[in-house]
Amino acid sequence: MSILVIGGAGYIGSHNVHALVERGEDVVVLDNLVTGHRQAVHPNARFYEGDLRSAADLDRVFSEQQIEAVMHFAAFSLVGESVVQPLKYFNNNVGGMQSLLEGMARHHVDRLVFSSTAAVYGEPERVPISEDDPKNPTNPYGESKLIMERMMRWAGEACGIRWVSLRYFNVGGALADGHIGEDHHPESHLIPLILQVPLGRRSHISIFGDDYPTRDGSCIRDYLHVMDLADAHIRALDYLKDGGSPLVCNLGNGQGFSVFEMVEAARKVTGHPVPAKVEGRRAGDPAQLVASSDRARTVLGWQPEAGIEEIIASAWNWHVQHPQGFGDRS
Ligand code: UFG
C-alpha cells in the first residue's frame, strides 16, 4: 500500500515525501508542476504529473496505485496574490479539495492529512493561539483553507473519511544535506529573502513596519523547521492508521521572533552584515502570530526540535548550494 502525496513537488510537500521515503513508506506523488519542481521529487517516489481538479487524473492514480492514505499539500499560498485574485484561490484550493474528497470517496480511500495554515485565524485576539480560538481570515487564502477544513468535516462525516488538519505557522529551513529547499517564484517569504542579501542577489532586506505594538516594533512570527513539520505529518498518518478521529492541530515552536531578530540571527549564521531598511507595513500583516501547539504535543506526541539558528543555517546551506534554486524558472 502507498501514501499519495498531492503537491509533493512543492517546498513543504517535497520535504514530507523525503521523510516518508526515509521511513520506508511507498510514496506516490501527484503534482501539476505549476509551482512545484520536478527535481524536488524524491527519485524513489512514483511521480504523476496531473491536476488534482481533474477527476480523470485522480482516477488514474487511484486505480493504478494501491493508495491507503493521502497527504494534501497542493494549494496556492500567496496571501497578497489571493487578495488581488481571490477566484484563482477558490478555484484551485477549494476546487481541488472538492475533487479530492470526491475521488477518495469513489475509490474508498478514507485517511487524509491536510496542510492548513495559521491564516485561518486572521488577526488573533490573543497569543499563543489555540485551535478553538475565533477564525476570521483576513484574506482569501486563509478563507480558502478554512473552507477546505469545513469541507473535510462535512464530507468526512458523510463519506467516512477521517482526517487531520495541520495549521502551520511560519515554515523555514531545508533538508540537512541541502539537496532540496525552498524555491518560490516570486519569493515573498522572509527567510529566503534575507538570505538573498549574503548571496549577492539583493542589496538589503526590507523590514515591513517598525511601528507594530511588539517589543521592537516589527512583526512577530513563530518559525518552524520544515523537517519538524514533516515529523508531525507522519505522526498524523500514524494517528489515523490507529483509528484516530478527525483532528485539527496547530504546528509551531510556540516562541515568537521579530523581523529584526530574524535578520540578526541570519547575520550570525552567515557572517554577513545583512543591511536592513525599515519600510512601510505590508497590507494584511497581523502584528503577532504565535502558536499553542499543546494539542499536537499531547495527541500526536510531537515535539519540534530545531531552533531559529538551525532553521536559518539549513536554509543557508540549501541556498549556497543552489543560488538559483532548482534553476527551472526565471
Ligand atoms: N517581512 C519583512 N520583509 C520581507 C518579507 C517579510 O519584513 O521582505 C515580514 C512580514 O511582514 C512578516 C514576516 O516578515 O511580518 C514574515 O513574513 P512571511 O511572508 O515570511 O510570512 P507570513 O507570516 O506573511 O506568512 C506565512 C505563510 C503564509 C501563511 C501565513 C499565516 O507564508 O502562507 O504565514 O499567517 F498564510
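Q: Which element gives the most residues to the shell around the ligand?
A: In this predicted model, local features need pLDDT of at least 70, side-chain atom pairs count only at pLDDT 80 or more, and totals for chains, interfaces and linings use all residues. Residues are numbered from 1 along each chain as its sequence is written, and side-chain values use heavy atoms, with hydrogens and water left out. Two elements, α6 (190-195) and β8 (205-208), each supply at least two residues of the shell; helices (H or I, at least four residues) and strands (E, at least two) are DSSP runs numbered from the N terminus. The top contributor, with four residues, is β8.

Q: How many residues surround the ligand?
A: A residue is near the ligand if one of its heavy atoms lies within 4 Å of it. The closest are Leu190, Ser206, Arg221, Arg282 and Asp285. The number of residues surrounding the ligand is 22.

Q: How do the shell residues divide into nonpolar, polar and charged?
A: Ala, Val, Leu, Ile, Met, Phe, Trp, Tyr, Cys and Pro count as nonpolar, Asp, Glu, Lys and Arg as charged, and the others, Gly among them, as polar. On that scheme the shell around the ligand holds 13 nonpolar, six polar and three charged residues.

Q: How much of the accessible area of the ligand does the protein cover?
A: Polar contacts (pairs of N or O atoms within 3.5 Å; within protein, one must be able to donate a hydrogen and the other to accept it, and residues adjacent in sequence count only if both atoms are side-chain atoms) include a backbone atom of leucine 190 at 2.8 Å from a ligand oxygen. A backbone N or O atom of phenylalanine 208 lies 2.9 Å from a ligand oxygen, and a side-chain N or O atom of aspartate 285 is 2.5 Å from one. By the Shrake-Rupley method with a 1.4 Å probe, where for residues only the protein chains shown count as cover, the ligand on its own has 690 Å², of which the protein covers 91%.

Q: Why are α8 and α10 oblique to each other?
A: Axes are lines fitted to C-alpha atoms, for helices over the stretch in contact, and angles run from 0 to 180 degrees between N-to-C directions. Angles under 35 degrees count as roughly parallel, over 145 as roughly antiparallel, 65 to 115 as roughly perpendicular and the rest as oblique. Helix α8 (residues 259-270) and helix α10 (residues 308-321) have axes 9 Å apart and pack at about 60°. The relation of α8 to α10 is therefore oblique.

Q: What is the relation of α4 to α5?
A: Helix α4 (residues 86-106) and helix α5 (residues 140-159) have axes that come within 9 Å and cross at roughly 15°. That makes the relation of α4 to α5 roughly parallel.

Q: Which residue is joined to proline 186 by a cis peptide bond?
A: Most peptide bonds are trans. Proline 186 sits in the loop between β7 (170-172) and α6. With omega about -5°, the cis bond joins proline 186 to histidine 185.
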